Amino acid sequence: WSLLLNILTFMAVSSFTKPSALAVAQADLFVNIHRYSTGKEYDVIRREAKMSELLPMMNRFLGKTRVTQLLKQYETENKVSLKNLKIAEADLINYLERHLSGAIGAASARLMTESVSKNENITMEEVMQVMEQTQEVMRYSKALEAKSAELEATTQQLREANEQLQALDRLKADFITTVTHELRTPVTSIKSLSKIMLDYRHELDDDKINNYLSILVSESDRISRLINQVLDIEKINVETAVQKPLEALKPDEIVKQVITGMEALFSEKGVQCKYNSEAPQVTIAGHKDRIIQAVMNLVSNAYKFCSPENGRIEISLKELPDAAVLSVKDNGIGIAEQDQALIFEQFTQLDNPLKGKPAGTGLGLFITKQIIDAHQGKIWVESQPGKGATFFVRLPKHKEID
């Protein structure tokens with residue numbers, strides 16, 4: 001009865017429990033002792049793995065080509081053939097594990113080989129080592145990702161900067177070409193008229209000479225205006241680049257100063273100029289000469305395009321919570337919607353159906369926009385053909401500009 005009870009207990013425990021890896025290894029070592037008496041150095045605990053499981057795992061981490069090279073090297077060093085091998089023993093497993101550890105770390109390599117081989121249970125220390133190596137790999141991966149993102153952002157910035165430089169080069173080339181063309185016309189006219197007066201001075205009457213001289217003066221003024229405006233553009237760019245200190249300015253005083261300076265022109269052409277200020281005390285920050293120039297350009301533009309019969313210019317100044325808004329309205333022919341964005345480009349002038357192309361260089365509104373942009377402001381136009389045009393300028397208050 002004692003023997004029967006022991007046998008039943010042994011069968012029950014064997015049926016409902018699973019032996020540990022250590023027990024399996026010791027049993028295998030005891031039963032198959034002849035397999036471990038060859039003189040090779042093995043682990044104290046027997047390790048073996050199916051080649052059908054071991055090789056795919058190795059291929060995944062090292063690549064099939066590298067694994068094939070390692071197996072050939074193992075065959076050469078140990079003078080064995082692995083061609084028909086189905087079960088890898090401890091020596092081959094240890095050999096592959098050493099090379100795998102060079103790729104994924106010792107703890108991770110140990111974990112991977114243990115997952116396909118019969119051996120002892122994984123210890124907590126090994127688990128902690130794997131976690132530490134995994135964390136290290138994750139930190140390294142995150143650092144690489146951050147560096148990659150930083151490099152990509154820098155590359156994008158360099159690409160955008162290069163595109164901007166190329167665009168500026170094209171604009172510069174176009175600008176030089178246009179300026180040269182604009183200069184060529186008056187220079188050619190001056191040269192031709194001067195040659196006529198030189199060659200035929202004895203045959204020309206006083207009216208002809210006076211007419212030619214008047215044209216020469218007009219063309220000379222045109223060249224002078226063009227040169228001054230080109231220099232103005234360069235000054236604006238320099239002031240913006242060096243961030244020249246701004247001063248507190250009252251737009252109301254600047255508008256009054258501009259109107260006073262143009263009263264003689266208004267009287268000569270019979271133009272009525274009305275100014276309505278709702279914010280005489282509002283203050284902006286800016287370069288005084290540049291703001292005066294911008295306001296002068298807007299009023300001069302309105303004067304040039306207002307009705308020749310009953311010209312009327314309406315100027316108003318309003319205050320918003322964070323800005324001052326100046327508007328300049330004329331009663332001229334107006335501007336078509338498709339042309340409203342073009343008028344702020346370089347050397348752009350719209351033809352008047354009644355008077356043809358207006359006098360000027362086509363740089364006035366372009367310079368005005370450059371000035372307003374440099375002061376963190378905004379300029380736009382509202383107009384309909386036949387109903388005049390109103391130009392608006394919005395400039396931040398003094399406290400709003402850094």
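Biologist: Met11: buried, partly exposed or exposed?
Modeller: Partly exposed, at 47% relative accessibility. Keep in mind that this is a predicted model.

Biologist: Where is Met11 placed?
Modeller: In helix α1, which covers residues 2-16.

Biologist: And which residues form the nonpolar patch on the surface with it?
Modeller: Met11 is joined there by Trp1, Leu3, Leu4, Ile7, Leu8 and Phe10. Together the patch has about 880 Å² of accessible area.

Biologist: Switching to cysteines. How many disulfides does the structure hold?
Modeller: Zero. Cys273, for one, is in no disulfide.

Biologist: What is the nearest cysteine sulfur to Cys273, and how far away?
Modeller: That of Cys306, 9.6 Å away.

Biologist: Why is there no bond for Cys306?
Modeller: Because its closest cysteine sulfur, in Cys273, is 9.6 Å off, and that is too far for a bond. A disulfide needs the two sulfur atoms within 2.5 Å.

Biologist: Buried or exposed, what about Cys306?
Modeller: Cys306 is buried, with a relative accessible area of 2%. Cys273 is partly exposed, at 26%.

Biologist: New topic. Where is Ile333 found?
Modeller: In a loop. That loop runs between β8 (323-330) and α12 (364-374).

Biologist: What is the relative accessible area of Ile333?
Modeller: It is 32%, so Ile333 counts as partly exposed.

Biologist: And how far is the C-alpha of Ile333 from that of Ala389?
Modeller: The two C-alpha atoms are separated by 7.8 Å. Along the chain, Ile333 and Ala389 are 56 residues apart.

How values were computed:
Residues are numbered from 1 along each chain as its sequence is written. This is a predicted model: local features need pLDDT of at least 70, side-chain atom pairs count only at pLDDT 80 or more; totals for chains, interfaces and linings use all residues. Side-chain values use heavy atoms; hydrogens and water are left out. Buried means under 20% relative accessible area, exposed over 50%, partly exposed in between (1.4 Å probe, protein chains only). Patches are made of residues with over 30% relative accessible area and no salt bridge: like charges are joined within 9 Å, nonpolar side chains (Val, Leu, Ile, Met, Phe, Trp, Tyr) within 5 Å. Accessible areas come from the Shrake-Rupley method with a 1.4 Å probe; for residues, only the protein chains shown count as cover. A salt bridge is a side-chain nitrogen of Lys or Arg within 4 Å of a carboxyl oxygen of Asp or Glu. Helices (H or I, at least four residues) and strands (E, at least two) are DSSP runs, numbered from the N terminus.
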